[in-house]
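Colleague: I would like to learn how to read a model like this one. Can we take the features one at a time?

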Amino acid sequence: MTQRVLIVGATSAIASEVARTYAERGARLHLLARNHDKLASLVSELEHKTRVTSRAADFGELAGIDELVRDAIRELGGLDAVLIAHGDLGDQVKSERSFDEAESIFRTNLLSVIAFLVPLSNELEAQGSGCIGVITSVAGDRGRPRNYTYGAAKGALNVYLQGLRSRLFRSGVRVVTLKLGPVDTPMTVDHQKTALFAKPPRVAASIVLALDEGAAEAYVPSFWRAIMPVVKNTPERVFQLLPFLSGR
Ligand SMILES: NC(=O)c1ccc[n+]([C@@H]2O[C@H](COP(=O)([O-])OP(=O)(O)OC[C@H]3O[C@@H](n4cnc5c(N)ncnc54)[C@H](OP(=O)(O)O)[C@@H]3O)[C@@H](O)[C@H]2O)c1
């Protein structure tokens, strides 16, 4: 049977690659993204491979999200898998001086995601099947001066997903937490690229595999599963003395 897939934040560099993978397989796609022109261009590329519908919306408008979900499920005629991919690193230093910036980072990375998860989880729970994948970040595993406002939003999201996964487990719905390390995308355009940076196609392949398997929590790339326990468990005093961990 054709897989029905919703991608939220579909024009992100990573999500676009995920959409291409699903299109290659012939999945029926519904795409949501903020930028109308980028969305139209992605849809016209993917339409050669599969049936695609879409809506443009700013997810900062939280009140409109419930209707976006209902509309998506109507368009798809049900739902087998969803990937929530949008996010915004924001400006860390600004968020330390201006609550508006901190609120905006939380709105994009946490509150808007929960606004999607509430209707999506109830729909899939009633259906008794499906997979919900959400992109979070290794930044959510430990607060660092470099990005702790963004990291706190992603960390809270990790806890939310952990609870949701156990709530939905018995109904047969899978919840997949995708903890990404740094990826070379527009979000990190100003960052100095180290050997730890991954490329979107490789990351997208790991995301699709994790969704297919219904993994509980996937580090992407997988080597972060070995690195993060060290980062998380380094004693605070040592952590603060190591510039590569606690520097700006
Ligand atoms: N790149 C990394 O190093 C890295 C590491 C860990 C986790 N992640 C996560 O990976 C996911 C994908 O990011 P990416 O690296 O692919 O970066 P990206 O290409 O910059 O994508 C971010 C996307 O989020 C969308 N977005 C931001 N605020 C939005 C809003 N209010 N309403 C609707 N859409 C909004 C952006 O839309 P516009 O095009 O309209 O701006 C953009 O499409 C994010 O959740 C990010 O936090 C990235």
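Colleague: Which helices and strands each supply at least two residues of the shell around the ligand?

Modeller: Keep in mind that this is a predicted model. A residue joins the shell if one of its heavy atoms lies within 4 Å of the ligand. Helix H1 (13-25), strand E5 (131-137) and helix H6 (148-168) each supply at least two such residues. The largest share is that of E5, with three residues.

Colleague: How many residues are around the ligand, and which come nearest?

Modeller: There are 28 around the ligand. Lys38, Ala85, Tyr150, Val183 and Thr185 come nearest.

Colleague: How many of the shell residues are nonpolar, polar and charged?

Modeller: The shell has 12 nonpolar and 12 polar residues, plus four charged ones.

Colleague: Which polar atoms lie by the ligand's oxygen atoms?

Modeller: Look for N or O pairs within 3.5 Å. In the side chain of Ser12, an N or O atom is 3.0 Å from a ligand oxygen. Arg34 places a polar side-chain atom 2.9 Å from an oxygen atom of the ligand. Ala85 takes part through its backbone: a polar atom there is 2.9 Å from a ligand oxygen. As for cover, the ligand taken alone exposes 890 Å², and the protein buries 90% of that.

Colleague: Now the interior. What is the general idea behind a nonpolar core?

Modeller: In soluble globular proteins, nonpolar side chains tend to be buried together. Here the largest nonpolar core has 36 residues. Ile7, Tyr22, Leu29, Leu31, Leu178, Leu180 and Ile207 touch the most other members. Another core, of 30 residues, lies apart from it. Leu68, Val69, Ile84 and Val173 are among the members of that other core.

Colleague: What does Tyr22 touch, not counting residues up to four places away in sequence?

Modeller: Tyr22 touches Gln3, Val5, Ile7, Ala27, Leu29, Val208 and Leu211.

Colleague: Take Lys179 next. Is Lys179 buried or exposed?

Modeller: Compare its relative accessibility with the cut-off: buried means under 20%. Lys179 counts as buried because its relative accessibility is 5%. This lysine is found in strand E6 (residues 174-180).

Colleague: Which side chains make polar contacts with the side chain of Lys179?

Modeller: The side chain of Asp141 makes one, at 2.8 Å. The side chain of Tyr219 makes another, at 3.4 Å. Then read the wider contacts, leaving out residues up to four places away in sequence. Lys179 touches Thr136, Ser137, Val138, Asp141, Asn158, Glu217, Ala218, Tyr219 and Val220.

Methods
Residues are numbered from 1 along each chain as its sequence is written. This is a predicted model: local features need pLDDT of at least 70, side-chain atom pairs count only at pLDDT 80 or more; totals for chains, interfaces and linings use all residues. Side-chain values use heavy atoms; hydrogens and water are left out. A polar contact is a pair of N or O atoms within 3.5 Å; within protein, one must be able to donate a hydrogen and the other to accept it, and residues adjacent in sequence count only if both atoms are side-chain atoms. Accessible areas come from the Shrake-Rupley method with a 1.4 Å probe; for residues, only the protein chains shown count as cover. Helices (H or I, at least four residues) and strands (E, at least two) are DSSP runs, numbered from the N terminus. Ala, Val, Leu, Ile, Met, Phe, Trp, Tyr, Cys and Pro count as nonpolar, Asp, Glu, Lys and Arg as charged, and the others, Gly among them, as polar. A nonpolar core is a set of buried Ala, Val, Leu, Ile, Met, Phe, Trp, Tyr and Cys residues joined through side-chain atoms within 4.5 Å. Buried means under 20% relative accessible area, exposed over 50%, partly exposed in between (1.4 Å probe, protein chains only). Contact means heavy atoms within 4.5 Å.
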